Amino acid sequence: MTKTVIITGASSGIGKALALEFAKRGYNLGLTARRVDKLKELQTQILALPQAHQSFVELAAMDVKATDTVGPVMDDLIARLGKVDIVVANAGVNQLTGVGKGQLDIELDMVQTNLLGAIATVHAAVAYFRKMGGGHVVGISSLASLTAIPKQAAYCATKAGFSMYLDCAAIELKKYKIDFTKIMPGFVKTDIVDNMEQFPFLVTAEQAAKEIVDQVEKRKSVGVVPGYPWKFIKPLMSSMPAGVWKYIKH
Ligand SMILES: NC(=O)c1ccc[n+]([C@@H]2O[C@H](COP(=O)([O-])OP(=O)(O)OC[C@H]3O[C@@H](n4cnc5c(N)ncnc54)[C@H](OP(=O)(O)O)[C@@H]3O)[C@@H](O)[C@H]2O)c1
């Protein structure tokens, strides 16, 4: 039976590439973001794919920072889709920031989006999956959750917090047949920050999406993307010397 996936932050970058990759594999899609014009363009692109011409693609305007609206928007989208098997909490923002440099508003915006918005998304998904007797939640965290990076204090904190939330929820919800996949990308070329080219082992959003969907279809509990070389570096990340990061441009 055709599976259905909801993706937050589907208007660009990894979320958009995930939508296209799931569509190529025959999934129905519920796509959300704030920029609905971008979602409409993506819907047209998806429905033109030969593999997706029979897919449903439903759209919803969702601002995950408005946490009290996430559940109702998700419920309405699920009602339009009929049923949902997978929810991907992908929406996120990042910016290089300096601690104590007058950028508290930017840091709090990251917390509101990447942590509180992501938690609200997981909540809404789990509330539905509890009723359905099972489901699959995918959280897009980051390898930045494992290591302290200068000019990324707020971002790393949000991703460490979200990773821990996913890990706790996975244990708590196992008995309800709700699976969790925590995805930890390295560096993926998107618009999330400028100067992405300066970062090592950079991959395209399309490559990242292929690897992420492979991990999701295997129902892996943790996926590192790209797998090579990050899965070999990951065990060392909590003891990375600070000097490694001194070349980040600000
Ligand atoms: N790129 C990387 O190297 C990298 C590495 C590790 C983890 N990640 C994570 O991957 C995820 C996707 O990032 P990306 O690189 O694809 O960035 P991106 O191209 O900037 O895409 C971010 C997406 O999140 C959505 N978004 C942002 N704020 C939102 C809000 N308040 N409500 C709803 N949607 C919102 C944006 O849509 P609208 O603006 O239309 O709302 C957009 O679709 C993020 O969680 C990011 O932290 C990325």
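Two strands count as paired if DSSP finds at least two bridges between them. Strand β6 (residues 178–185) and β9 clear that bar, with four bridges joining them in parallel. Both belong to an open sheet of seven strands in this predicted model. The protein chain holds seven helices and nine strands. A ligand is surrounded by 31 residues.

**Sheet**
- The strand order is β3-β2-β1-β4-β5-β6-β9, and the pairing is parallel.
- β3 (57–61) and β9 (222–225) stand at the edges. Each has a single partner strand, so one side of each lacks a neighbour in the sheet.
- From one strand to the next, the twist averages 15 degrees.
- Where β6 meets β9, P185 stands opposite V225 of β9.

**Helix α1 on the sheet**
- Helix α1 lies across four strands: β1 (4–8), β2 (28–33), β4 (86–89) and β5 (135–140).
- Relative to β1, α1 runs at about 170 degrees.

**Ligand shell**
- The residues that come nearest to the ligand are G9, G13, R34, R35 and G92.
- Two helices, α1 (13–24) and α4 (104–132), each supply at least two shell residues.
- α1 gives the largest share of the shell, three residues.
- By type, the shell divides into 12 nonpolar, 13 polar and six charged residues.

**L42 in helix α2**
- L42 sits in helix α2, which covers residues 36–47.
- L42 has 24 other C-beta atoms within 10 Å. The cut-off for burial is 20 or more, so L42 counts as buried.
- Leaving aside residues up to four places away in sequence, L42 touches A10, K16, A19 and L31.
- V84 is 42 residues from L42 along the chain, and their C-alpha atoms are separated by 20 Å.

**Overall fold**
- The protein chain has 250 residues and a radius of gyration of 17 Å. A compact globule with that number of residues would have a value near 18 Å, so the two agree.
- Along its principal axes, the C-alpha trace spans about 50 × 35 × 35 Å.
- Of the 250 residues, 42% count as buried.
- Among contacts between residues at least 6 apart in sequence, 69% join residues at least 24 apart.

Technical notes:
Residues numbered from 1 in each chain as written. Predicted model: local features only at pLDDT ≥ 70, side-chain atom pairs only at ≥ 80, totals over all residues. Near = placed C-beta within 6 Å. Nonpolar A, V, L, I, M, F, W, Y, C, P; charged D, E, K, R; others polar. Axes fitted to C-alpha atoms, helices over the stretch in contact; angles between N-to-C directions. Contact = placed C-beta atoms within 7 Å. Rg over C-alpha atoms; globule rule 2.2 N^0.38 Å. Buried ≥ 20, exposed ≤ 12 C-beta atoms within 10 Å, placed from the backbone.
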